[in-house]
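Grab a pencil and work through a few exercises on the structure below. Each one has a solution that goes step by step.

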Amino acid sequence: MDAVEKANAERQRRWVKDQKVGEGTYAVVYRGRELATGRKIAIKKIKVGQFKDGLDMSAVREVKYLRELQHPNIIELLDVFSSKTNLNLVLEFLDTDLEMIIKDRSLVFLPADIKSWMAMTFRGLEFCHRNFILHRDLKPNNLLIASDGQLKIADFGLARDAADPGYKMTCQVITRWYRPPELLFGCRYYSTAVDIWSVGCIFAELMLRIPYLPGESDMDQLKTIFRALGTPTDEEWPGHTKLPDYVSVGQFPRTPLRDLFTAASGDTLNLLSKCIIFEPRKRISARDALYHPYFFALPYPTHPSKLPKTAAQTAAASRPPDEVDGNVDPGGGAPAGVGKAAPPKKLKRKLSGHDLSRNIARKLDFTAS
Amino acid sequence: MSTNRTNAASWLRGTTIRKGTTTPATRSHTPQTQTSSSIVFSGGVKDGSGRTSEYFSMDDQCPVCKSDRYLNPKLRLLVSSCYHKMCESCIDRLYTLGPAPCPVCGKTLKKMTFIPQTFEDLVVEKEVAIRRKLAKEFNKRREDFPDLRSYDDYLQEVEDITFNLINEIDIPETQARIAAYRKENAAFIELNQQREEAYVQALKEQEEAERRERQLRAEEIRRAEEEERDAREGERRALIDNLENSDADAARLVAQARAEALKRAAARTAAAHQAVFAQQQETMRLRAAQSAVVVPDQPHVPLLDGYYAYEDLCGLRSSYFDPASDAVRRDKEGIMRAGGYRVEEAWERALRYAVAGLDITPPLGEVSMPLPITSRVDADVAMASV
């Protein structure tokens, strides 16, 4: 056994795998604990050797960026080790995600709660952007909530660092409902502003409790956006008609945000409107957003420990580990975001393709055993 | 539904059916019931406020003497303890001289056991009465049981007893079960009754407090309105006095007065807003007080680290000699511009990567790793992907 193998075995011994909590196409997620301290962790085992290209792109990205980013509002990568042909990521264990909280109709959000979540999201995002990393898949599902209420940005499977001048980036990123118009128009040169649009959509979703811009297809997404915000003119967004996939989807008038968000304060709508400006250069940056008057106005943002919690989250605190059986569906209080592993062709994934990817996963599992 | 059919039929016949509407005439409360008897019949199923809503229909007919509302407009049907109906005059006639058998089923009845009818269906009447009676004693709650299973067993038993009583199965045995339960759980029953009373009391107090609050608020508003009216009146009088006594330009005086009034109104609205805000704060505090651990909300701090607190030792120039980005910069109107891509960001990144950490003195002696991950990870990845 050479030195590398020895070190790897030593690492592996630090962690204990308990039970499986979720499975995706390219990874299986286990709940586990640190042997020495008993601290709860999640182990994401990436299946290698099932794809002929070697390691999946998202796994590489996840390791690459999570290693560099250490921040209270970004999920922590504790360790990486390999077992046989698999790569294992040891991540912080998180109880729930923002999507489950939004969907839990029994919870009532105060304006201060939303402010708190937004502040934490912007802080995490500012840290990414400060280090020139674009997340490119922000959605409530990827904002995990720790047991102490802290919000953590997770799933860096689509992240990349800001491109050098003249290098193209793919435009097939970000879940459709949270995708900014420049990506829908097929723009290959974009910036950190794409993440800000997603955060704006999440902000609106927190207030509405339903997705703000739920398009059914890429084309419909553009229509949905323009129906909500009006079709941009050339003054509002210079040059957008020259983008590769530009199509005219019709003229829609601009409706004031006030019509939809009747109860929101002026500051709230001001920040929201700055997050969803069509012209990416005019969109507010994460850092400027943190200094926006919205966050300083009363009421103060809720302390994380007092934020609304789902019933599963409260129960999880007292639940002994052996009560969770093997195949918990991701909606059942398992660490959904961690458990939700990306299918290999994630870039081309459609929203309706969930079942499909699950079927693939089962099939692959079968051949492997 | 048979009720519907009878209703429809009687509608066709032209009689008035008042049952089913919510006007007081359909369900008269006990005190207003027209009665021909000297005895006040009470009991029956009471509603939340302790009143008995009596069932009443234009089609009522006494099953014993066949008298109906046409013959006797004051007809009032009462229910016996064996759940058979008869009118007050029949009860007077049959039971004034003491206990006598029921004309329908033969069970011995006393005059005092007759009760007013609440529900149209007597089966329902009976079930509700039995359930009410049982619930007084079978009043255990989930908290009184160690686990859900035993609570479910208890509920099952209560349901069994209820079913037996309603359908008159094994009455003596069931009564024995009830008695045994009563003996066993006397303390529990007592305790839960007290709890129930306390809860009802608390509800009442809360209601009372809310009512007082509302009254106070209404008074407050009225007072504010009165003040405002007085103020306006005063202003107008002052203006008229001013116009009378002063020899300044009338139009200017009016304009001045109007401006002042506007200012005062603004101040009043601000005060009102302040009050609303204070009330909101109060609600928030209440909610905070409800949670077990009180953590005060803190004012927003934009960034939790001092990353931007240091002054950069080098600055970004407005332009660089950078052939690689020429294409991007020349593209003023086109695709690169519209996507929001900035060359300046790329320059800044290059600069930061070049100078980051230059002023940090290298650690001496043993190297401590800030992260548990070392560069060996790369080796793992590389190995795994081979």
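**Exercises**

B:Glu196 has a relative accessible area of 41%, so this residue counts as partly exposed (between the cut-offs for buried, under 20%, and exposed, over 50%, with a 1.4 Å probe and protein chains only). Before going on, note that this is a predicted model, where local features need pLDDT of at least 70 and side-chain atom pairs pLDDT 80 or more, while totals for chains, interfaces and linings use all residues. Residues are numbered from 1 along each chain as its sequence is written, chains are lettered from A and ligands numbered from 1 in the order in which they are written, and side-chain values use heavy atoms, without hydrogens and water.

**Exercise 1.** Find the residue that forms a salt bridge with B:Glu196.

*Solution.* Start with the rule: a salt bridge is a side-chain nitrogen of Lys or Arg within 4 Å of a carboxyl oxygen of Asp or Glu. The partner is B:Arg141, with the closest N and O atoms 3.4 Å apart. Next, place the two: B:Glu196 sits in helix α6 of chain B and B:Arg141 in the loop between α3 (122–137) and α4 (148–167), so the pair links distant parts of the chain, 55 residues apart (helices being DSSP runs of H or I, at least four residues, and strands runs of E, at least two, numbered from the N terminus). B:Arg141 is partly exposed too, at 24%.

**Exercise 2.** How far apart in helix α6 of chain B are B:Glu208 and B:Arg211?

*Solution.* Their side chains meet in a salt bridge, 2.7 Å from N to O. They are 3 residues apart, which means a separation of about one helical turn. An α-helix has 3.6 residues a turn, so residues three or four places apart point the same way. Finish with exposure: B:Glu208 is partly exposed at 33%, and B:Arg211 at 38%.

**Exercise 3.** Describe the pair B:Glu213 and B:Arg217 in the same helix, α6 of chain B.

*Solution.* The closest N and O atoms of this salt bridge are 3.4 Å apart. The two residues lie 4 residues apart, about one turn of the helix. B:Glu213 is partly exposed at 42%, and so is B:Arg217 at 40%.

**Exercise 4.** Check whether the length of helix α6 (residues 193–208) of chain A agrees with its expected span.

*Solution.* The expected span is 1.5 Å times one less than the number of residues. For these 16 residues that gives 22 Å, and the end C-alpha atoms are 23 Å apart, which agrees. As for cover, 14 of the 16 residues of α6(A) are buried. A:Arg209 follows the helix, with a positive phi near 70°.
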